[in-house]
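Work through these short exercises with the structure in view. Try each task before you read its solution.

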Amino acid sequence: MRLGGLLLLLLCGHCLADGCDSLAPPAVKLELHDEPISLDTRTSYKTLTLLGPPQARGGQQVLGLTRGTATVRFETRVSSYVDPSGRWECASPQLTVRYGFSPMTVYVAREFPPGSCAYREIHEHEMRHVRAYQAHLKAIEKTLADALQARFAGTGPWRGPRGETNARLQAELQERWVPFVKREINKVDAAQALIDTPEEYARVAASCGGEIRKLTR
């Protein structure tokens with residue numbers, strides 16, 4: 001009886017392995033979230049100062065601001081094979097990861113009308129922030145890809161009790177990988193701080209022949 005049970009177990013394991021081999025290998029694809037940048041010219045510089053980073057509140061006036069909200073979305077497609085007993089399955093997750101900033105809004109204080117020298121100066125400063133956001137997203141692509149590939153595409157199909165794979169996958173994505181991707185995105189704050197130096201604030205404030213200082217008295 002022991003030999004027969006062992007033989008049956010080996011045969012069933014072999015059948016499951018054969019079924020798993022028919023599945024496409026797990027895969028991960030990364031895509032940057034791309035959407036138009038919003039421009040807000042309705043907010044006063046006093047309100048922007050309250051919304052700005054803490055380091056800008058020590059007597060500095062925030063004349064423009066760029067804000068981006070880190071976002072990540074996992075789209076999953078799972079192909080599976082159920083063994084003849086109906087108790088076990090192998091599943092191959094195919095993941096598409098879309099990440100970026102949504103929304104991203106550039107503010108230029110309403111005191112500076114479009115077309116004016118002050119508006120152009122402030123807007124160009126904020127576009128430096130936009131470019132820093134965009135460069136950061138490209139810079140972290142390899143870090144994200146390496147980590148996600150190692151977890152999801154570096155191994156074979158998932159194996160477990162029938163009907164449980166998708167729930168396990170979704171739980172892991174939400175509990176571990178969404179926070180991980182957002183943490184990597186938010187590391188952009190260090191690059192943004194290098195742009196908003198006291199020297200840069202002073203340069204912008206003094207530009208346009210004193211126009212900015214006159215409008216913010």
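**Exercise 1.** State the accessible surface of the chain and the share that belongs to carbon and sulfur atoms.

*Solution.* Remember that this is a predicted model. The accessible surface comes to about 12300 Å². Carbon and sulfur atoms hold 55% of that surface. Now look inside: of the 217 residues in the chain, 40% are buried.

**Exercise 2.** Count the helices and strands of the chain.

*Solution.* There are eight helices and five strands. Next, read along the sequence: the pattern is α-β-β-α-β-β-α-α-β-α-α-α-α.

**Exercise 3.** Decide whether T43 is buried or exposed, then find its surroundings.

*Solution.* Start with the location: T43 sits in the loop between β2 (38–40) and α2 (45–51). Then apply the cut-off: buried means under 20% relative accessible area. T43 has 16% relative accessibility, so T43 counts as buried. Check the side chain: T43 and D40 are joined by a polar contact of 3.1 Å. Finally, leave out residues up to four places away in sequence: T43 touches L48, Y107, V108, A109, R110 and E111.

**Exercise 4.** Describe the largest nonpolar core.

*Solution.* Begin with a general rule: in soluble globular proteins, nonpolar side chains tend to be buried together. Here, the largest nonpolar core has 28 residues. Residues with the most contacts inside this core include L30, F74 and Y99. Elements that give two or more residues to the core include β1 (27–32), β3 (64–82) and α5 (165–186). The largest share, seven residues, comes from α5. Apart from this core lies another, of 15 residues, among them L48, L65, Y107 and Y201.

Key
Residues numbered from 1 in each chain as written. Predicted model: local features only at pLDDT ≥ 70, side-chain atom pairs only at ≥ 80, totals over all residues. Heavy atoms only, no water. Helix = DSSP H or I, 4+ residues; strand = E, 2+ residues; numbered from the N terminus. Buried < 20%, exposed > 50% of the residue type's maximum accessible area, 1.4 Å probe, protein only. Polar contact = N/O pair within 3.5 Å; in protein donor to acceptor, adjacent residues only side chain to side chain. Contact = heavy atoms within 4.5 Å. Core = buried A, V, L, I, M, F, W, Y, C linked by side-chain atoms within 4.5 Å. Areas by Shrake-Rupley, 256 points an atom, 1.4 Å probe, with all protein chains shown as cover.
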